[in-house]
Amino acid sequence: MRTLNQLNFNNQRAVVRVDFNVPLNDKFEVTDTTRIQAAKATIDHILDQGGSCVLLSHLGRPKGKDPKLSLSHIVDTVAEVLGSPVKFCSTTVGEAAESEASKLAPGTILLMENLRFHDEETSGDVVFSEQLSRLGTLYVNDAFGTAHRAHASTTIIARFFEENKCFGSLLEKEVLAIDKVMEKGEKPILAILGGAKVSSKITIIESLLDKVDHLIIGGGMVYTFTKALGGNVGNSICEPDYCDYAIELLEKAKDKGVQIHLPVDVLAGDDFSNDANQQVYDVMEIPEGWEAMDAGPKSQAIFHELILKCKTILWNGPMGVFEFSNFAKGTIAAGDSIAEATKAGAFSLVGGGDSVAAVKQFGFEHKMSYISTGGGAMLESLEGKTLPGIAALK
Ligand code: AMP
């Protein structure tokens, strides 16, 4: 893996693919700067060495040129977060863009217009990729969030830099964190998978069965197992078409020596709402009219014991409907237990969509070893896939 330290940026112009796909409000103000902050280390490294940065990013999913999704809206915020002035170029490729880029003095930053104003970006067009490559002398990819896409700026562009390309520090951290779980995890290794549906997690579960010692299954996925094992799910979310698969999975896990842990009790509501009446039930005996929406207290205690015994912990997906505060206890308890295990020396990685949101919402952000910044890219890594953006740098 070629990292920032292996290239000399002095007097070089680095084309840096960042992920500035940030949320904007009605007034086009950035409402969450996490992704900009995440790219700061890489940009600072290049500037400190006497290089300059040409920043490439997409924003949203524009169909052609859409002024609402212009990166011009974020220039001031980027400058503020990076603590350096940032110039904006209203085109992305072509003579004017190349001319702007070529004027960059060492230590300065130019942000190009939204890559996705060109359809050639997502189609991975070679000519467009070559045009992008002309904006600088070195290429750095620091956009983990799009590393699973074979787009022009994330993958194809790398062809035009031969040896002069490397991982940015965010991409490096993400890859090392995944590696620490999937390849070099200290045993016992535990994966906690939650979320709504078994069907959306099949490839991850299959891939994790070859890597982990324990697998906790939580969230809405549980009730497909309950039904498969002959229990009553009441009104709980359930995918009957996947019951056979659930049984197959339990058998596969047994063959591979992986222990699967399902909740033993659940907190159910008599309506899908935060204010529903609540009742704890055995996971196999959820009555009609009741919908299981969280792990119950006995399950939380059992999971706590297990989590504290493990040295490597991966968490993807909430343990219940954490968006309802009255059904968030199971998710909070899992977060508390992982935080305690981490404090005691375990390596914990949280990744993929809603678990990251939950971790931030409940204040566990600084209590985990690593929180991934990339939803889809993280999930594909856990599925054991090689991400095209990463393969292109090797
Ligand atoms: P995923 O994107 O697959 O990780 O799923 C996350 C979603 O699963 C969250 O919005 C949760 O509210 C939802 N979820 C978790 N547990 C349950 C449950 N028992 N019933 C319904 N939805 C659930």
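How many residues surround the ligand, and which are the closest? In this predicted model, the ligand is surrounded by 15 residues. Ala 196, Gly 220, Ala 292, Glu 323 and Asp 354 are the closest. By class, the shell around the ligand consists of seven nonpolar, five polar and three charged residues.

Some of these closest residues also place polar atoms beside the ligand. At Glu 323, an N or O atom of the side chain is 2.5 Å from an oxygen atom of the ligand. Backbone atoms take part at two other positions: a polar one of Ala 196 is 3.1 Å from an oxygen atom of the ligand, and a polar one of Ala 292 is 3.1 Å from a nitrogen atom of the ligand. The ligand taken alone exposes 500 Å², and the protein buries 81% of that.

The next topic is the domains. The domain assignment divides the protein into domain 1, residues 4-171, and domain 2, residues 185-382. Their C-alpha centres are 37 Å apart. Six residues of domain 1 and ten residues of domain 2 make up the contact.

About 630 Å² is buried between domain 1 and domain 2, and carbon and sulfur atoms give 60% of this area. On the domain 1 side, Phe 144, His 148 and Leu 170 supply 70% of the area that this domain buries against domain 2, more than any other three residues. The side of domain 1 that touches domain 2 has two nonpolar, three polar and one charged residues.

What does the rule find in the way of salt bridges across the interface of domain 1 and domain 2? It finds zero. The count of residue pairs in polar contact between domain 1 and domain 2, both at pLDDT 80 or more, is also zero.

How values were computed
Residues are numbered from 1 along each chain as its sequence is written. Side-chain values use heavy atoms; hydrogens and water are left out. A residue is near a molecule or strand if one of its heavy atoms lies within 4 Å of it. A polar contact is a pair of N or O atoms within 3.5 Å; within protein, one must be able to donate a hydrogen and the other to accept it, and residues adjacent in sequence count only if both atoms are side-chain atoms. Accessible areas come from the Shrake-Rupley method with a 1.4 Å probe; for residues, only the protein chains shown count as cover. Ala, Val, Leu, Ile, Met, Phe, Trp, Tyr, Cys and Pro count as nonpolar, Asp, Glu, Lys and Arg as charged, and the others, Gly among them, as polar. Domain bounds come from an automatic or database domain assignment. Contact means heavy atoms within 4.5 Å. Buried area is the accessible area (1.4 Å probe) that two parts lose on being put together, summed over both. A salt bridge is a side-chain nitrogen of Lys or Arg within 4 Å of a carboxyl oxygen of Asp or Glu.
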